[in-house]
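Here is an informal walk through one protein model. Have the sequence and the structure open side by side as you read.

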Amino acid sequence: MIVRPRRFSRMRRGTIIFLVINLIVLGFLLNAFSTLISLLFENGSADAILPSEIPAPGSDLIEKRPQLIPKIIHQTYINTSIPEQWKAGQQSCIDLHPDYEYKLWTDEKSREFIAAEYPWFLETFDNYPFPIQRADAIRYFILSYYGGIYIDLDDGCNRSLDPLLSYSAWVRFTVPTGISNDAMGSVKGHPFFDNVITSLQKYQRNWGMPYITVMYSTGPLFLSVIWKEYMNIARPAEEHVRILMPSEYKGHTWSFFNITKGSSWHRKDAKTIFWMAQHWIALTVCGFAVAGVVGALLWYAWSTWVMKVGKTSGGRGRFSFWKRISSKERYELVDRMA
């Protein structure tokens, strides 16, 4: 029988510790960004407004549908001097809806409204670094307070919006995923928009790039995250948010809207984001490659520095992650007998 020293491999133990630390970090990141990740797989079909639900333009069925959303059209702009390229779209919405109340929310009127009805939000409203953030925020507040339909000025109306009054709340699905805030409808005090306005302060952060800051603090990405979290809780049908799909939104004779070039607030960083969206497959591959290189470098640093320190200190140094159980070496008997 031969007696051999039995030592728990430092390399094996170090590998386990390294993997555990990385798994903890990965778990934290997945938890922090779980809603954003889940949006990548969201197609909006669960609450989609199906084409078969929408009466054709001029159909008698439109008048037989219940009206839940009040007949109010809301739009926003800096002042009452609407740019020429948007006037036709604005007028089309007015002309197609003679029995609707029309409200144009200028910057001055918007601030007065927040100060009068939501004074707790006024400081946040005033401190937004970009005017578009105030334009985003006010649309959520007026839908919660008044109800009605909000429409961006670059969204002209292609047909009457009466069929959309039958839903307690609706937004439009955007490509490749998520929802947009350029056309929305709601009854007064719908729980979704109540939830949106109470979430705005929590999301007021500067993310370095203006486009990302706007999108994730008040814009469509913010709204998409709140929508996803909202629908993760089981709710009665009347509290659901129905989704207007792309073909019903624009591009067809039966679609509700015509689009004019807008997005005047976009800057150079927005072009970068759009470029990234168009090349997301290549960027994903590059991301995994970079992650692999970083992981390899971390492992090299761990194995050559931390493990070396632990080894030279005999397991008792300040970088040691283990202690020897006994000062005596442990042995195992290996039976080499036939």
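## Helix α7

In α7, the buried residues are Ile132, Gln133, Asp136, Ala137, Ile138, Arg139, Tyr140, Phe141, Ile142, Leu143 and Ser144. That makes 11 buried residues out of 15, so the helix is mostly covered. Keep in mind throughout that this is a predicted model.

The length of α7 checks out too: 15 residues at 1.5 Å a residue should span 21 Å, and the end C-alpha atoms are indeed 21 Å apart. After the helix comes Gly147, with a positive phi near 80 degrees.

## How far to trust it

Mean pLDDT for the protein is 81, with 70% of the residues at 70 or more. Residues 28-33 fall below 50, and this stretch has 1 contact in the model beyond near neighbours in sequence. Residues 265-280 also stay under 50 in pLDDT, but here the model has 19 contacts beyond four places in sequence. Where pLDDT is low, the predicted coordinates should not be read in detail.

## The sheet

Now for the strands. There are 6 of them in an open sheet with mixed pairing, and the order runs β3-β2-β4-β7-β6-β8. The edges belong to β3 (101-105) and β8 (242-244); each has a single partner strand, so one side of each is left without a neighbour in the sheet. On average, and ignoring direction, neighbouring strands here are turned by 25 degrees against each other.

Two of the pairings show the mix. β2 and β3 go together in the parallel sense over 5 bridges, and Thr76 has Trp105 in β3 as its bridge partner. β6 (residues 169-173) and β7 (residues 179-186) pair in the antiparallel sense, also over 5 bridges, with Ala169 standing opposite Ser186 in β7.

## Inside β2

Which residues of β2 are buried on each of its two faces? Ile72, His74 and Thr76 are buried on one side, and Ile73 and Gln75 are buried on the other, leaving both faces covered. In a regular strand the side chains alternate between the two faces of the sheet. With 5 of its 5 residues buried, β2 is largely enclosed by the rest of the structure.

## Helices on the sheet

α7 (residues 131-145) lies across β2 (72-76), β3, β4 (148-151) and β7, and it runs at about 25 degrees to β7. α10 packs on the sheet as well, touching β7 and β8, and its direction makes about 60 degrees with that of β7.

## Helix α10

How many of the 12 residues of α10 are buried? The count is 9, so the helix is largely enclosed by the rest of the structure. The buried set is Pro220, Phe222, Leu223, Ser224, Val225, Ile226, Trp227, Lys228 and Tyr230. As for its length, 12 residues at 1.5 Å each should span 16 Å, and the end C-alpha atoms are 16 Å apart, which agrees.

Val225 is one residue of this helix to pick out. At 1% relative accessibility it counts as buried. Val225 is 29 residues from Val196 in sequence, while their C-alpha atoms are 9.9 Å apart in space.

## Either side of α10

Is Thr218 buried or exposed? Thr218 counts as buried, because its relative accessibility is 0%. You'll find Thr218 in the loop between α9 (210-217) and α10 (220-231). Its side chain makes a polar contact with that of Asp136, at 3.0 Å, and Asp136 is one of the buried residues of α7. Leaving out residues up to four places away in sequence, Thr218 touches Tyr128, Gln133, Asp136, Tyr140, Asn181 and Leu200.

Glu239 sits in the loop between α10 and β8. With a relative accessibility of 25%, Glu239 counts as partly exposed. Again leaving out residues up to four places away in sequence, Glu239 touches His190, Pro191 and Tyr230; Tyr230 is among the buried residues of α10. Glu239 and Phe192 are 47 residues apart in sequence, with 7.4 Å between their C-alpha atoms.

How values were computed
Residues are numbered from 1 along each chain as its sequence is written. Side-chain values use heavy atoms; hydrogens and water are left out. Helices (H or I, at least four residues) and strands (E, at least two) are DSSP runs, numbered from the N terminus. Buried means under 20% relative accessible area, exposed over 50%, partly exposed in between (1.4 Å probe, protein chains only). A polar contact is a pair of N or O atoms within 3.5 Å; within protein, one must be able to donate a hydrogen and the other to accept it, and residues adjacent in sequence count only if both atoms are side-chain atoms. Contact means heavy atoms within 4.5 Å. The expected span of a helix is 1.5 Å times one less than its number of residues. pLDDT is the predictor's confidence in each residue, from 0 to 100. Two strands pair if DSSP finds at least two bridges between them. Axes are lines fitted to C-alpha atoms, for helices over the stretch in contact, and angles run from 0 to 180 degrees between N-to-C directions.
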